[in-house]
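Hi,

Here is the structure I promised to pass on to you. Have a look through it first, and then read my notes below.

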Amino acid sequence: MHDFLKRLPKAELHLHIEGSLEPELMFALAERNGVSLPYASVEEVRSAYDFTDLQSFLDLYFQGMSVLRTAEDFHDLAMDYFRRASDEGVVHVEMHVDPQAHLARGVELPVVMEGLSLARRRAQRELGMSTALIMAFLRDRPAEEAIAVMESAAPYWEMLDAVGLDSAERGNPPAKFVEVFERARQLGIARVAHAGEEGPPAYIREALDLLDVSRIDHGVRCLEDPDLVARLRDEGVVLTVCPLSNVRLRVVERMTDHPLPQLLDAGLRLTLNSDDPAYFGGGMLANFTACHEAFGWSKEIFIQLAETAIDAAFISEARRLELHRQLAACH
Ligand code: HPA
Ligand code: ZN
């Protein structure tokens, strides 16, 4: 099964590029940039990753990214991840990026975009990997700031495959961001949002009704609202589920408690993703493997999940066809 899961052409739709920063690279970049870290060793960093909830993770996630200063850093960060992912059989990566987290540290948008663009071109050329970029807004910061970032990103609108919504969910409903998502819609930019990770099912409804999103990131708490589940099924809304993330952030206690089997039984369209692989104990292959171990899923189920990811990806129809062919050839 491991060989099959590795070979399976996997499209990853939910990844925070800053959350792919492994402690080894964190130390290397800290040294390169003269940034001091509150850790003495890589082992100490890893042992600090003992989270109690989303916020306890976000604190270390924002601290970790303090080593990212130059375009070269963002390039190295992304290339490091793309290589690892490619080795695990990932053929397409859609990455969220958090511009506000970098602007707050004096790292301007062109620095971030230039580094990531360079890495994306290299991934295409050297790994045959396609990528997409999702510019995310930090929902625990003011809506006005998101609007300002959206406008200042005008030179990069063409490069954006979608805008997203992440960071601390509770108390920061999608309704807060109606204006900036409407702006994205006017510009013809697709929309996704984290909802129903720690927040209530009502936030999933809001994301659909008020932000007109085409996918829901996480969404696992939809099960608390049967009418919502029926709607998600009827409308074919895709949920980008991140099983290891949900365990590490204690959305669920153990993998065997994860609601993925119920979500699947409910007829929902699901994909498996790594979210923040450096912080949550592994990338795409680890997430697929954990599901196999916890639920004993057959190859057919993994093929179905991989197929949904290809169908829901922000890619050209030519690339979609190519990935469907790769998938058909792998089994
Ligand atoms: N949830 C919300 N915000 C995030 C996450 C997440 O899992 N990872 C990075 N930012
Ligand atoms: Zn996420």
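Helices here are DSSP runs of H or I with at least four residues, and they are numbered from the N terminus. With that in hand, we can begin at helix α1, which covers residues 2-7 and contains H2. Please keep in mind as you read that this is a predicted model.

**The start of the chain**

H2 has a relative accessible area of 44%, so it counts as partly exposed. Setting aside neighbours within four places in sequence, H2 touches L285 and T289. H2 and H324 are 322 residues apart in sequence, yet their C-alpha atoms are 21 Å apart in space.

**The zinc site**

Which protein atoms are the donors of the zinc ion (ligand 2)? They are NE2 of H14, NE2 of H16, NE2 of H194 and an OD atom of D275, at 2.0 to 2.2 Å from the ion. Along the chain, these donors follow the spacing H-x1-H-x177-H-x80-D. One pair among them links distant parts of the chain: H194 is in strand β5 (residues 190-195), D275 is in the loop between β8 and α14, and 81 residues separate the two.

Why is the arrangement of the four donor atoms called irregular? The angles they subtend at the zinc ion run from 84 to 174°. Four donors count as tetrahedral only if all angles lie between 85 and 135 degrees, so a range of 84 to 174° does not qualify, and the arrangement is irregular.

Now for the donors one at a time. H14 belongs to strand β1 (residues 10-16). Its relative accessible area is 0%, so H14 is buried. Beyond four places in sequence, the contacts of H14 include two other zinc donors, H194 and D275. Among its further contacts are E94, D217, H218, T240 and C242. For a sense of distance, H14 and P259 are 245 residues apart in sequence, with 18 Å between their C-alpha atoms.

H194 is buried too, at 5% relative accessibility. D275 sits in the loop that runs between β8 (269-272) and α14 (284-295), and at 2% relative accessibility D275 is also buried. The backbone of D275 has a phi near 65°, a positive value in a residue other than glycine.

H218, one of the contacts of H14, also has a positive phi without being glycine, near 75°. You will find H218 in strand β6 (residues 215-218). With a relative accessible area of 0%, H218 is buried.

**Helix α5 and its partner**

Helix α5 is a nice one for checking a length by hand. It has 17 residues (71-87), so at 1.5 Å a residue it should span 24 Å, and its end C-alpha atoms are indeed 24 Å apart. Many of its residues are buried, including A71, F74, H75, A78, M79 and F82. Just after α5, G89 takes a positive phi of about 85°.

How do two packed helices get described? The angle between their axes and the distance between the axes are what we quote. For α5 and helix α7 (residues 109-127), the angle is about 30° and the axes are 7 Å apart. The crossing of α5 past α7 is right-handed.

Which residues of α5 meet α7? They are A71, F74, H75, A78, M79, F82, R83 and S86. On the α7 side, the residues met include V111, G115, L118, A119, R122 and E126. An α-helix has 3.6 residues a turn, so residues three or four places apart point the same way.

**A second helix pair**

Helix α10 (residues 201-211) and helix α11 (residues 226-235) cross at roughly 35°, and their axes come within 10 Å. Here α10 passes α11 in a left-handed crossing. The residues of α10 taking part are P201, I204, R205, L208 and D209, and they meet D227, L228, R231 and L232 in α11.

**One last residue**

Is T256 buried or exposed? At 53% relative accessibility, T256 counts as exposed, and its place is the loop between α12 (243-248) and α13 (260-265). T256 and A294 are 38 residues apart in sequence, but their C-alpha atoms are 5.1 Å apart.

Happy exploring!

How values were computed
Residues numbered from 1 in each chain as written. Chains lettered and ligands numbered in written order. Predicted model: local features only at pLDDT ≥ 70, side-chain atom pairs only at ≥ 80, totals over all residues. Heavy atoms only, no water. Expected span 1.5 Å × (residues − 1). Buried < 20%, exposed > 50% of the residue type's maximum accessible area, 1.4 Å probe, protein only. Donors = N, O, S within 2.8 Å, 3.2 Å for Na, K, Ca; no water. Tetrahedral: all angles 85-135°; square planar, octahedral: opposite > 155°, others 65-115°. Axes fitted to C-alpha atoms, helices over the stretch in contact; angles between N-to-C directions. Left-handed = near helix turned anticlockwise from the far one by under 90°. Contact = heavy atoms within 4.5 Å.
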